[in-house]
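This note is intended for a colleague meeting the structure for the first time. The numbered points below take up its pockets, its aromatic contacts and a few local features.

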Amino acid sequence: MGNVGSGKTWTYFDGEWSEGNPNTMGPRTHGFWLSSSVFDGARAFDGVIPDLDLHCQRSIDSARLLGMAPMLSAQEIAELSWEGVAKFPADAELYVCPMFYADSGFIAPDPSSTRFVLSIFDAPLPEPTGFSACKSSFRRPARDMAPTEAKASCLYPNVGRCVTEAQGKGFDTAVVLDPNGNVAEFAYTNLFYVKDKVIYTPVPNGTFLNGITRQRVIKLARENGFEVVEKSVKFEEVMEADEVFGTGNYFKVGPCTKLEDRDLPIGDITMQLRDLYFKWAKA
């Protein structure tokens, strides 16, 4: 599904912009060896950065959830983001990634040591040609097992093993269940399906992020006359769907065209929602 961030990069750290991927941590850095690091991701394209304010605020909220003390406001991060985006060609499609980590502490981070990094890099938006998925044997943790309400880096090794397992079976990604055996989401995007023209999606229950793009797509769908139902979802319901798609910062809205051994169409409702999202973003 693409090699994110393999192109040109600009990074803001310690009050300065530098090109490339500068060294920011050492082996004693708390964020390195004890995982006190969080990030968020927005998308810049066609002169817009949709929901940038929400992504910046979520990075701050995530840092606080891990015991850090963010020193910038969402508005300040947004202003820096626009400053960095201006360093790229006007037609560039970019990933905007604000990050916080703790520099020191033992086990728990020292809040006063919180550091900020902003990385912006080339990441072309994928074409909506479809992706494949299978059910993962791994699950999302419950909120009392991990900092699931934060976009925390420490959650992503679990995401990675879901993807590695799926790719080992010939699929692009995985459908991951929650601790109760209900569908949570795809490995790194929120999951939707369509049945009889009704759009369904797992109700947020603390085991996965209620994504910013997810929320935006639901709002746009309802404003345009679609019925959207948030509920507990069984994997069998997704297998019987008319359409399946994912929402996330990387591709925004993308169709799932193969689920386990079942081929799925690139659905009309999926593509209508994708069009609605990009029309809203560019407006």
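1. The model discussed here is predicted. Helix H2 (52-65), strand E5 (94-102), helix H4 (156-168), helix H5 (212-223) and strand E15 (243-248) make a natural starting point, as each of them contributes at least two residues to the lining of the largest pocket. The largest share comes from H4, which provides six residues.

2. The volume of this largest pocket is about 880 Å³. Its lining is made up of 41 residues, and those that lie nearest the centre are Phe39, Lys151, Tyr156, Tyr188 and Thr189. Sorted by class, the lining comprises 21 nonpolar, 15 polar and five charged residues.

3. The second largest pocket holds about 310 Å³ of space. It has 15 lining residues, with Asn21, Thr24, Met99, Val117 and Ser119 nearest its centre. Strand E1 (9-13), strand E3 (37-39), E5 and strand E8 (114-122) each give at least two residues to this lining. Here the largest share, four residues, is supplied by E5. The lining of the second largest pocket contains eight nonpolar and seven polar residues, and no charged ones.

4. Strand E5 deserves separate mention, since it supplies at least two lining residues to the largest pocket and also to the second largest. Cys97 is located in this strand. With a relative accessible area of 7%, Cys97 is buried, because the limit for that class is under 20%. Cys97 and Phe251 are separated by 154 residues in sequence, while their C-alpha atoms are 15 Å apart in space.

5. The aromatic pairs in the structure number 13. In one of them, the ring centres of Tyr193 and Tyr200 are 5.1 Å apart and the planes meet at 15°, so this pair is stacked. Both Tyr193 and Tyr200 are buried.

6. A tilted arrangement is found for Tyr277 and Trp280, because their ring planes stand at 55°, with the centres 5.5 Å apart. Both residues belong to helix H7 (residues 268-282), where they are three residues apart, about one turn of the helix. Are the two partners buried or partly exposed? Tyr277 is buried, at a relative accessible area of 1%, whereas Trp280 counts as partly exposed, at 27% relative accessibility.

7. Ring pairs also join Tyr12, Trp17, Phe100 and Phe116 into a cluster.

8. Two lysine side chains place their charge over an aromatic ring. The charged end of Lys8 sits over the ring of Phe88, at 5.8 Å from the ring centre. For Lys87, the charged end sits over the ring of Trp10, and the distance to the ring centre is 4.8 Å.

9. Which strands form a hairpin with five residues between them? These are E10 and E11, and in the turn Gly181 has a positive phi of about 90°. Strand E10 (residues 173-177) and strand E11 (residues 183-186) pair in the antiparallel sense, over three bridges. Val176 has Glu185 of E11 as its bridge partner.

10. As a closing overview, the reader may wish to compare the two linings on the displayed model: five charged residues are found in that of the largest pocket, and no charged residues in that of the second largest.

Technical notes:
Residues numbered from 1 in each chain as written. Predicted model: local features only at pLDDT ≥ 70, side-chain atom pairs only at ≥ 80, totals over all residues. Heavy atoms only, no water. 1 Å grid on protein atoms, 1.4 Å probe; cavity = no way out; pocket = protein on both sides within 12 Å on 5 of 7 lines; lining within 4 Å. Points joined across faces, edges and corners; volume = space filled by probe spheres on them. Nonpolar A, V, L, I, M, F, W, Y, C, P; charged D, E, K, R; others polar. Phe/Tyr/Trp six-rings, centres within 6.5 Å; stacked < 30°, edge-to-face > 60°. Buried < 20%, exposed > 50% of the residue type's maximum accessible area, 1.4 Å probe, protein only. Lys NZ or Arg CZ within 6 Å of the ring centre and 35° of its normal. Pairing = 2+ DSSP bridges.
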